[in-house]
Structure formats: C-alpha cells, structure tokens
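Colleague: I am new to this structure and would like a close look at how its strands are put together. Could you take me through that part with some care?

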Amino acid sequence: MCVFAVVLVYLLSLPARYGVTRSIVIAKPIAEVFAYVQDFSNWSAWSPWALHEPSHKVTIHNPTEVGGTYAWDGRMIGAGQMQHRSITPDERLDILLTFLRPFKNTADVTWTLKTTPGGTEIIWDMQSQMPLPMRPFQGFIAKMIGYDFALGLALLRGKLDPASEHPSISFDGVVERSAQTYATEHFEGTLVDMRGAMKKAYPKLWQSLSQDTTRSDQKPMIAAYHKVKFMAGTTVMDMGLAIKEAKAGEAHLALPAGKYFQMTMRGNYDFLPSSWNTIYGQIKMQKLKIDKSRPALEVYQINPMQAQSSNDWATLLCVPIK
C-alpha cells in the first residue's frame, strides 16, 4: 500500500497537460491553402497516420462546416474522430480531437494560417492532457507526435505544391539483405554534429577507394546506426562504402545476411528523422521483433549530385528484425 501511494504521488506530481506545435511555409495563397486544409475530405491524402493503414475506414460528414466530422477506424491505427468547432476563414480552424481506441482521450487542435513573403505559413498545434499512467512518458510521446506533425505538414505541402521539397514514403515490407562488408568512418556524438561528420566521411572514403578500385563493390553507401538515444539526440554509428574485402587493420563493418523491415523514403534528408519515427511506428503496429544485435541502416540509393531535384533522392530505411 505504501509503495502504491508513493507511485501515485509521483504520477500526480508530473505535468498533466502537454502541447505539440509544428509549422511550415507553403508557396501558395492563403485562401487556397485554407480551403484545402479546412476540407476534411482531403485529410486522408496527406495524413501521416493514414500511411500506416491505407485500408482503414473513414467516415466524413459536412467536411467544410462547423460541426463537420472526420472519423477513422483501423485495426492498427485505432479509432477516433475530429470535429470542426469553429472556422475563421483564411485564418484559423479549431478542432476537437477525440481518441476512442487504443485509449480514450481528447485534445484541442488549432490550425493558424498567416501570409508570409514565401506564401502561407501554417501552424499546427495540439494541446491535451496525458492519462495518469502515461505521464512518465509524456516527453517521449510528445516528441513522436512532433515528428508526425512535421511529416504531415511536409506531405501536405507536397499535395498543394508538387514542385516544393516534400517526402514520399512507401513500406516495402520484410526483405532479405545479403552479407556485405563496408569500409567505414566511425562517429559518436549528437545527431546535429553527425551531419557535419557525414560531409567529411564519405568524400574521405571515396578518395581512399578511388586509389584501389578493385576492392570497390559498386553498391550504395550506407549509414549504420548501432545506438540512438532518442531523447538525448545522440548516436553511435558508422558511415560506409561497400567493399569486396577489408585490408588488415582497416576500419570496416561486416554485416551478416538477415531479415529487415524496409521502407523507401524519397526526398530531402531533412525528412529522415520523421521517416525513422514512421518506420518504427509501423514495426510496432505489425508487432515485429527488432534484432538489436544488428544496426539499423540508411541505404542511399541515389547520389544527390546526379539528381535534378531532392524529391528524387531515394533512401532505404532498414530495421533488422528476428
């Protein structure tokens, strides 16, 4: 009884409410953007959650009016409803979000639109109260929702402005990858610093292999993530180029053959954090078991220097599974 009381006091001491806010600029007039977002009939086309289960049931009533609703019901993504509470044309939408399954909760959602020099800025905000047992995970959950919001806004921009930078995502399912050896550069540090390290590591590897072309395996370069601390924003990883064999004393990574759950992301590398959040969400929904003895991989299918648009960059995200 004493332990229960201590736990209850701890849970009650944690903040009850939390919020998530993300924004994006779309190079379109505010009236056009507002009309598209206001209409619930358009939401399935860019929803970051609809990606997980395209066959889920959607029921829509009066999609552009106050009181209008968008309800979803899926085996993997659960069930719930959105309802227009108030509409201020070309300025603001207020929506009541109700979750029914896998847990019951409500949230206040607002969409605020502003004209900017670049077109229209959209600010997507959600405020809610975390159920008592889930409050210790509030920061983690809010961060994941933030990645979903960022992805959704980018997908939305792609629908309204196909020429803009936006991602395209498809789940490839379980695949078999053959054994492969890579010459590597190692990195341990923050995800922010990792970008700078990558810009130095891959040219260095290319230069080294260009002097010994017989060892190059002419396969896409990779990033292998051995450890990622999500909340701290740090990683332990290797950047690698495929080789036929490693020299004595050479830094390298030998990956065994094995099964991976794979997703293809087309678009700028800026969309990778949200894409990783998406693939791990899909793995959880499919109840697949991750093999933590092998690193997760980014496989860069296209050399950015050879693509006219970043929307054509293709990256495979591969999570090892048992």
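Modeller: What follows is a walk through the pairing of the strands, in a model that is predicted. As background, the strands of a sheet pair through backbone hydrogen bonds, and this pairing may be either parallel or antiparallel. Here, an open sheet is built from eight strands in the order E8-E13-E15-E14-E10-E11-E9-E12, and the pairing is antiparallel. Strand E8, residues 168-177, and strand E12, residues 252-255, stand at the edges with a single partner strand each, so one side of each is left without a neighbour in the sheet. From one strand to the next, the twist averages 30°.

At the E8 edge, the partner is strand E13, which covers residues 258-266, and the two pair in the antiparallel sense over nine bridges. To find this pairing in the view, one can look for Glu 176, which stands opposite Lys 259 in E13.

Another set of pairings involves strands that come earlier in the numbering, beginning with strand E2, residues 57-61, which pairs with strand E3, residues 69-74, in the antiparallel sense over five bridges. Within that pairing, Val 58 has Trp 72 in E3 as its bridge partner. E3 is in turn joined by six bridges to strand E4, residues 78-88, and these two strands also run antiparallel; here Tyr 70 stands opposite Met 82 in E4. The connection from E3 to E4 is a hairpin that passes through three residues. When following any regular strand by eye, it helps to remember that side chains alternate between the two faces of the sheet.

How values were computed. Residues numbered from 1 in each chain as written. Predicted model: local features only at pLDDT ≥ 70, side-chain atom pairs only at ≥ 80, totals over all residues. Heavy atoms only, no water. Pairing = 2+ DSSP bridges. Helix = DSSP H or I, 4+ residues; strand = E, 2+ residues; numbered from the N terminus. Axes fitted to C-alpha atoms, helices over the stretch in contact; angles between N-to-C directions.
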